[in-house]
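User: Please take a close look at a single part of this structure and describe it in one connected account. I am new to it, so each technical term should be explained where it first appears.

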Amino acid sequence: LKLTEEIARLKGFAWVDGKLVSLGDSDETKPKKINVFLIGSSSAFNWPVRHYPGEGYGKFLGDYFNPDYVNFVNNAVSGASSTTFLDDDKHLGNWPATRDAIQPGDYVIIEVGANDPKHTKDAEGNFSPEKYKENIMIMHNDVISRGGHVVYAAASSPVTNIKNGKIMPEPSRAEISLYRKEIAKQTNSVYIDCVQAVCDYF
């Protein structure tokens, strides 16, 4: 119910006495325009035209919000990880720029993680789930400290992973997504399982 109410509000509506009503367009009733930031990697990236027909879902996600009420900002970067987002020198994501733009009431969708096995490692050079979760919590706390809200999302599943005619979750991405699901539960945040949604649909 909480997620349903939030989606309705972001699209310019509200639940009143069990009915969905327009928030209206007057200055008196129109809520302050908020930002919705998307933090992810290639599956969410706004790919250049030369990569057509390949597209990231972030290119289209903004179409589902009412532009009178929501400013959608896709800050996904192909090849990015939680480590590179926090490291300005990598030029694969720029978390400080996103963080500093967050205003009270804004939302940040965190989906980054698919590339962390390559970038987020322990002293022995192996992927470090602990370091990954630490990076995500840095972002989470930055959002909350600025009065924003965090929404976690599972990375979309590659179409190449097909079994018996059905799209299946790609194992490594599914594992990384579980860490975000764990953090969402611990922090009482919304978690959207994009992977399962895609697999169920197709």
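Analyst: Ile 34, in strand β3, has Val 70 of strand β4 as its bridge partner. Strands here are DSSP runs of E with at least two residues, helices are runs of H or I with at least four, and both are numbered from the N terminus. The model is a predicted one, in which local features require a pLDDT of at least 70 and side-chain atom pairs count only at pLDDT 80 or more, while totals for chains, interfaces and linings use all residues. Residues are numbered from 1 along each chain as its sequence is written, and side-chain values use heavy atoms, with hydrogens and water left out.

Strand β3 covers residues 34-39 and pairs with β4 in the parallel sense over five bridges; two strands are said to pair if DSSP finds at least two bridges between them. Further along, Val 36 has Phe 72 as its bridge partner in β4. Val 36 also stands opposite Tyr 107 in β5. That strand, residues 107-110, runs parallel to β3 and is joined to it by four bridges.

The surroundings of β3 can be described through burial. A residue is buried at under 20% relative accessible area, exposed at over 50% and partly exposed in between, with a 1.4 Å probe and protein chains only. Six of the six residues of β3 are buried, so the strand is largely enclosed by the rest of the structure. Ile 34, Val 36 and Leu 38 point one way, Asn 35, Phe 37 and Ile 39 point the other way, and all of them are buried. Strand β4, residues 70-74, has a covered face made of Val 70, Phe 72 and Asn 74, and an uncovered face with Asn 71 and Val 73. Both bridge partners named above in β4, Val 70 and Phe 72, thus belong to its covered face.

The wider setting is a protein chain with eight helices and nine strands. Of its 202 residues, 38% count as buried. Among its contacts (heavy atoms within 4.5 Å) with a separation of 6 or more, 68% join residues 24 or more positions apart.

One of the helices, α6, also has a buried side. Its buried residues are Pro 129, Tyr 132, Asn 135, Ile 136, Met 139, His 140, Asp 142 and Val 143. Seen down the helix axis, these residues fall within an arc of 160°, so they line one face of α6; the arc is that of the directions from the axis to the C-beta atoms. Glu 130 and Ser 145 are exposed on the other side of α6. Just after the helix, Gly 147 takes a positive phi of about 80°.

Charged pairs complete the account. There are four salt bridges in the structure, each being a side-chain nitrogen of Lys or Arg within 4 Å of a carboxyl oxygen of Asp or Glu. Arg 146 and Asp 100 meet in one of them, at 4.0 Å from N to O. Arg 146 lies in the loop between α6 and β6, whereas Asp 100 lies in helix α4, so this pair ties together parts that are 46 residues apart in sequence. Asp 100 also forms a salt bridge with Arg 99, at 3.0 Å from N to O. Within α6, Lys 131 and Glu 134 form another, at 3.5 Å; being three residues apart, they are separated by about one helical turn.
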